[in-house]
Amino acid sequence: MIEIRKGQAPAPLERAPFSVRFRASFTDPAFRGEDQAITRLEEIAWAAYTEGRKAPFTRKAGPGYADPDYALSVEWIATKERIEQAQVRWADPASPSRLLLICGSARNDGTCPGEISKSYRLLGLAREVLEQAGLQVDVLDLSLLTSEYNLHIHPCKGCASTAMPLCHWPCSCYPNHALNQTNDWMAELYERWTAAHAVLIVTPVYWYQSPSPLKLMMDRLVCADGGNPDPTATGGKKASLAKALELAGWDYPQHLAGRAYGLMVHGDVAGVESSRRALSDWLDWMGLIDAGVQARLDRYIGYYGAYATSHAALDRDAAVQEETRNVARALVKAVQELRAGRLQSVQPALTRPRPK
């Protein structure tokens, strides 16, 4: 038998620290007139926490699952059904070509920075090219995580490292109502990724890496690369069942394979090449198809210049503006070839000696 290693998780919160954390959302003096109501809500939240009511609404999985009688989260089922519908649209040759255009910056003018990001401006240049070519463009601005009320991409918990089948497609770790881990944006983003025929990411470099919102989304997409579409096969989150299932032979399904991608990574001092390579490797690993060398761009804007004048530096840099448009043009061509059946990844035609 495989040993399940234990000993890291701390003890559950005691009542007093739980109360402090719960009431932190009601610090504003305007709430003081409702202190009695807040106390009643706290009692309900404490009961949900101590009883572990992760998914308050469930129903039997039904036909098509390993255990039809398993009680699946109604919220998870709804996300799964939307993904399946998006996959049908993606596979329909008569459907319009769709592109997911992602702004990876955490900055916008609706929050502390008070100014839009250069990524968003560059995204606008790409969008014009894509829309002129007739593509349906779905703009995903990840900076909304910093400026919209109670919107989250909760962090990946690393289920795949226990066993790949423990990582469910879509992710079943959230929402977790017992821990108040709700309003998880990924339930929507899985559907948007699935519906897209291509993805274009425009992102800055933060400390040699992808910005936090982009990295959160990347980590939560691990279930798209090898994830288990049937949580009942692992009894929910039972590590022993997941390990046995993986060791019996797991095929690591690539749920987003076959989509094209492009990248525009920009910075001001260092890190653009390593960040662009890391993003390319990640997308390659998931089975996406790059749109060619001109669609994988990394550039410096206002190299070693003042942050205060970086937008003016972008104004002057006509070359990087045109190169960004070329990323979009290359992706348009790739999508046309892909949907016509003339472009395909070489990987699926080969037997992979290391299926992971």
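**Salt bridges, helix 3 to helix 7**

I began with arginine 82 in this predicted model, and I found its side chain meeting that of glutamate 191 in a salt bridge, at 3.3 Å from N to O. I then placed the two partners: arginine 82 belongs to helix 3 (residues 74–91) and glutamate 191 to helix 7 (residues 186–195), so that the pair links distant parts of the chain, 109 residues apart. I looked up the accessibility of arginine 82 as well, and at 30% relative accessibility I entered this arginine as partly exposed.

I next noted that the side chain of arginine 89 also meets glutamate 191 in a salt bridge, with an N to O distance of 3.9 Å. This pair again links distant parts of the chain, since arginine 89 lies in helix 3 and glutamate 191 in helix 7, with their positions 102 residues apart. For arginine 89 I have a relative accessible area of 35%, and I therefore list this residue as partly exposed.

**Arginine 121, aspartate 315 and glutamine 321**

I turned to arginine 121, whose side chain meets that of aspartate 315 in a salt bridge at 2.5 Å, N to O. Here the linked parts of the chain are helix 4 (residues 118–132), which holds arginine 121, and helix 11 (residues 310–316), which holds aspartate 315, and the two residues are 194 apart. I recorded both partners as partly exposed, arginine 121 at 27% relative accessibility and aspartate 315 at 48%.

Which shared-partner network did I find among the salt bridges? Arg15, Arg23, Glu42 and Glu43 are joined into one network by salt bridges that share partners. For the whole structure, my search gave 26 salt bridges.

Aspartate 315 came up again when I examined glutamine 321, which lies in helix 12 (residues 318–339). The backbone oxygen of aspartate 315 is 3.3 Å from a polar atom of the glutamine 321 side chain. Leaving out residues up to four places away in sequence, I listed Leu125, Leu314 and Asp315 as touching glutamine 321. Is glutamine 321 buried or exposed? Its relative accessibility is 17%, and because buried means under 20%, I count glutamine 321 as buried.

**The loop between helix 6 and helix 7**

I went through several residues of this loop in turn. I found a cis peptide bond from tryptophan 169 to proline 170, with omega near -5°, and I placed proline 170 in the loop between helix 6 and helix 7. A further cis bond runs from tyrosine 174 to proline 175, with omega near -5°, and proline 175 is likewise in the loop between helix 6 and helix 7.

Alanine 178 is also found in the loop between helix 6 (159–162) and helix 7, and with a relative accessible area of 9% I entered it as buried. What does alanine 178 contact, once its neighbours within four places in sequence are left aside? I listed Ala48, Tyr49, Gly52, Arg53 and Lys54. The C-alpha atoms of alanine 178 and tyrosine 49 are separated by 4.5 Å, although the two residues are 129 apart along the chain.

In the loop between helix 6 and helix 7 I also looked at asparagine 180, which has a positive phi of about 60° although it is not a glycine. With a relative accessible area of 62%, asparagine 180 is exposed.

I followed proline 170 back to helix 3, where threonine 79 lies. Threonine 79 touches Pro170 and Ala187, not counting residues up to four places away in sequence, and its relative accessible area of 8% makes it buried.

**Tryptophan 207**

I noted a positive phi, near 50°, for tryptophan 207, a residue other than glycine. Tryptophan 207 lies in the loop between strand 5 (198–204) and helix 8 (212–220), and at 79% relative accessibility I count it as exposed.

**Cavity**

How many cavities of 30 Å³ or more did I count? The count comes to one, and I have a volume of about 70 Å³ for the largest cavity. Its lining consists of 14 residues, of which Cys156, Cys167, Cys171, Cys173 and Val222 are the closest to its centre. By class, I recorded eight nonpolar, two polar and four charged residues in that lining.

**N-terminal segment**

My last entry concerns glutamine 8, which lies in the segment before helix 1 (15–23) and is exposed, with a relative accessible area of 77%. Glutamine 8 and leucine 245, 237 residues apart in sequence, are 24 Å apart in space from C-alpha to C-alpha.

Methods. Residues are numbered from 1 along each chain as its sequence is written. This is a predicted model: local features need pLDDT of at least 70, side-chain atom pairs count only at pLDDT 80 or more; totals for chains, interfaces and linings use all residues. Side-chain values use heavy atoms; hydrogens and water are left out. On a 1 Å grid over the protein atoms alone, a cavity is a set of points where a 1.4 Å probe fits but cannot get out, and a pocket is an open set with protein on both sides within 12 Å along at least five of seven lines; lining residues have an atom within 4 Å of a point. Grid points are joined across faces, edges and corners, and a volume is the space filled by probe spheres set on the points. Ala, Val, Leu, Ile, Met, Phe, Trp, Tyr, Cys and Pro count as nonpolar, Asp, Glu, Lys and Arg as charged, and the others, Gly among them, as polar. Helices (H or I, at least four residues) and strands (E, at least two) are DSSP runs, numbered from the N terminus. Buried means under 20% relative accessible area, exposed over 50%, partly exposed in between (1.4 Å probe, protein chains only). A polar contact is a pair of N or O atoms within 3.5 Å; within protein, one must be able to donate a hydrogen and the other to accept it, and residues adjacent in sequence count only if both atoms are side-chain atoms. Contact means heavy atoms within 4.5 Å. A salt bridge is a side-chain nitrogen of Lys or Arg within 4 Å of a carboxyl oxygen of Asp or Glu.
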